[in-house]
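Biologist: Can you take me through the salt bridges and one helix here, setting each value against its cut-off?

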Amino acid sequence: MIKIISQNFEFLIPVLFAVGIITVLIVSYFFSTKKNILRALLKTPVKPINRIRENEYAKIIGKAKYVHEPLVAPLSGKKCVYYHVIIEQKVKNGWSKYAEDKKMQDFFIESGNELALINATQANKYSRVYLVKDHILKSGFLNDASPLQTNYLKSLNKKSTNLLGLNKTLRYKEGVIELDEVIAIKGIAKWKSLNQPIEGYSYSKILQIFGNEKQKFLLTDMPEALKKDRRL
């Protein structure tokens with residue numbers, strides 16, 4: 001009897017271990033930044049900018065527009081208002097984050113011929129952002145990092161080689177928000193009077209969108225988040 005119980009217990013250990021790993025993976029996926037942003041956006045109706053109330057936690061879908069000279073994405077060279085780069089290193093059990101770089105500038109979002117302003121300083125303080133990584137590069141065994149990749153890694157205080165001079169296996173993933181790219185945002189609304197007119201903008205007030213500790217500023221270009229079927 002004891003032998004049978006012992007055999008069953010030995011059989012259960014790997015099963016329970018596998019179930020535990022699967023559970024962790026499912027929970028991690030369900031509560032990832034990507035999924036949290038998507039759920040928050042899909043449950044919120046889209047509203048025209050001129051119908052958004054003061055202090056409302058509102059969602060807007062529209063096109064990104066420049067306020068200043070655009071940023072230049074470090075790997076693709078694309079002009080943009082926001083870029084996010086994640087560099088991963090191949091490890092024994094998969095991929096591990098090796099470096100990360102992101103930058104946002106002030107920009108407008110245009111919807112229905114109206115503009116809302118996103119202040120980068122305010123938005124970055126309390127934000128959750130997920131960009132589709134559509135520019136992917138690799139370096140590693142028999143595939144030296146390019147001068148562009150090498151210099152970029154150097155700017156992040158990283159190297160493409162190890163202490164022996166051998167190439168690390170690296171994967172570079174970059175996402176950007178380009179001019180006129182359709183995006184979805186959600187944040188706290190504040191109507192601000194304009195001290196100086198904005199070229200091409202005829203109103204005396206403009207809507208600014210930002211976040212706080214409880215109500216984060218959300219931003220994504222995921223196609224699933226860009227549906228406009230729920231309007232007020």
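Modeller: Sure, starting with the term itself: a salt bridge is a side-chain nitrogen of Lys or Arg within 4 Å of a carboxyl oxygen of Asp or Glu. Keep in mind that this is a predicted model, where local features need pLDDT of at least 70, side-chain atom pairs count only at pLDDT 80 or more, and totals for chains, interfaces and linings use all residues. Residues are numbered from 1 along each chain as its sequence is written, and side-chain values use heavy atoms, with hydrogens and water left out.

Biologist: What makes E54 and K190 a salt bridge?

Modeller: Their closest N and O atoms are 3.9 Å apart, and the definition asks for within 4 Å, so the pair counts.

Biologist: Which parts does that pair tie together?

Modeller: E54 sits in the loop between α2 (33-42) and β1 (57-66), while K190 belongs to strand β11 (residues 182-193), so the pair ties together parts 136 residues apart in sequence. Helices (H or I, at least four residues) and strands (E, at least two) are DSSP runs, numbered from the N terminus.

Biologist: Why is K190 called partly exposed?

Modeller: Buried means under 20% relative accessible area, exposed over 50%, and partly exposed in between (1.4 Å probe, protein chains only). K190 has 24%, so it counts as partly exposed. E54, at 41%, is partly exposed as well.

Biologist: How do you know that E88 and R171 form a salt bridge?

Modeller: By distance: their closest N and O atoms are 2.7 Å apart. E88 lies in strand β4 (residues 82-91) and R171 in strand β10 (residues 170-177), so this pair ties together parts 83 residues apart in sequence. E88 has a relative accessible area of 14%, so it is buried; R171, at 19%, counts as buried too.

Biologist: How many salt bridges turn up in the whole structure?

Modeller: A search finds eight. Among them is E56 with K47, the closest N and O atoms being 3.2 Å apart.

Biologist: Now the helix. Why are the buried residues of α4 said to be on the same side?

Modeller: In α4 (residues 147-155), the buried ones are Q149, Y152 and L153. They cover an arc of only 100° around the axis, so they share one side of α4. That arc is taken from the directions from the helix axis to the C-beta atoms.

Biologist: And what does the face turned away from the buried side carry?

Modeller: That face of α4 has the exposed residues P147, N151, K154 and S155.
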